[in-house]
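Q: Can you show me how to read a model like this one, feature by feature?
A: Yes. Take a look first, then ask.

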Amino acid sequence: MSGNHCVKFWHGIPRDEILWQPLVQSCLCDGCGLCVTSCPANALSFDFELKLPFVEPMRCLVGCSICASICPNQAILIPDFQTLKDIIECHHLEVTARKELKSHRRRYNSMLPQAYGTNDLDDLHN
Ligand code: SF4
Ligand code: SF4
């Protein structure tokens, strides 16, 4: 697992201004832990007393919905994807992305997968 830290920005937008995080419905959760052990960002830990997942919102990856998708009991709610689309449109993130691609051709070039490094992935959040 990677990304064991809080993200402060997402494409230049303060992460705490983006309402994107899972909501665990405790009445449906049976404490299996599958969401916790599957989160790619370590944004979920486990409360062994309550037998429930615990969410750390600032670690949650904007746009991700893995935990909700895999929960056997459909106990996890994720924000409406329209929320995300509105943020992308409002902040002109498609324009930002095109500029990013152009200015970092080597990093994103599909013919040069070896160009990838962990720092490159971290850069996406700055
Ligand atoms: S995967 Fe679903 S049922 Fe299992 S711990 Fe997570 S929320 Fe609860
Ligand atoms: S939405 Fe993705 S990053 Fe966020 S808690 Fe769920 S699995 Fe982790």
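Q: How many residues does the chain have, and what percentage count as buried?
A: This is a predicted model. Its chain has 126 residues, and 13% of them count as buried.

Q: How many helices and strands are there, and in what pattern do they follow along the sequence?
A: There are six helices and six strands. From start to end the order is β-β-β-α-β-β-α-β-α-α-α-α.

Q: What share of the contacts joins residues 24 or more positions apart?
A: Take the contacts in the chain with a separation of 6 or more. Residues at least 24 positions apart make up 60% of these.

Q: In which sense do β4 and β5 pair, and over how many bridges?
A: Start with the general idea. In a regular strand, side chains alternate between the two faces of the sheet. Here, β4 covers residues 44-47 and β5 covers residues 52-55. They pair in the antiparallel sense, over four bridges. L44 has V55 as its bridge partner in β5. D47 stands opposite L52, also in β5.

Q: What lies between the two strands of the hairpin?
A: Four residues separate β4 from β5 in this hairpin. One of the turn residues is K51, with a positive phi of about 60 degrees.

Q: Which residue other than glycine has a positive phi near 55 degrees, and where is it found?
A: That is N42, with phi near 55 degrees. N42 sits in the loop between α1 (34-38) and β4. N42 counts as partly exposed because 15 other C-beta atoms lie within 10 Å.

Q: What is phi for Q74, and is Q74 buried or exposed?
A: Q74 is not a glycine, yet its phi is positive, about 50 degrees. Q74 belongs to the loop between α2 and β6 (76-77). It has 11 C-beta neighbours inside 10 Å, so Q74 counts as exposed. The cut-off for exposed is 12 or fewer.

Q: Where is R15 found, and why is R15 partly exposed?
A: R15 is in the loop between β2 (13-14) and β3 (23-24). R15 is partly exposed because 17 other C-beta atoms lie within 10 Å; buried would take 20 or more.

Q: Which residues is R15 in contact with, leaving aside neighbours within four places in sequence?
A: The contacts of R15 are V7, K8, F9, W10 and M58. Also check a C-alpha distance: R15 and L61 are 46 residues apart along the chain, and their C-alpha atoms are separated by 9.6 Å.

Q: How many residues apart in sequence are G63 and K85, and how far apart in space?
A: They are 22 residues apart in sequence and 9.7 Å apart in space, C-alpha to C-alpha. G63 lies in the loop between β5 and α2 (66-70). G63 has 14 C-beta neighbours inside 10 Å and therefore counts as partly exposed.

Q: Which of the residues around ligand 1 come nearest?
A: Ligand 1 has 14 residues around it, and C29, C32, C35, C71 and A75 come nearest. By class, this shell has 10 nonpolar, three polar and one charged residues.

Q: Which residues are around ligand 2, and how do they divide by class?
A: Around ligand 2 are P22, C39, A41, A43, L44, C60, L61, C64, S65, I66 and C67. The shell has 10 nonpolar residues, one polar and no charged ones. L44 appears here and in the bridge to V55. L61 is here too, at 9.6 Å from R15 by C-alpha atoms.

Methods. Residues numbered from 1 in each chain as written. Chains lettered and ligands numbered in written order. Predicted model: local features only at pLDDT ≥ 70, side-chain atom pairs only at ≥ 80, totals over all residues. Near = placed C-beta within 6 Å. Nonpolar A, V, L, I, M, F, W, Y, C, P; charged D, E, K, R; others polar. Contact = placed C-beta atoms within 7 Å. Pairing = 2+ DSSP bridges.
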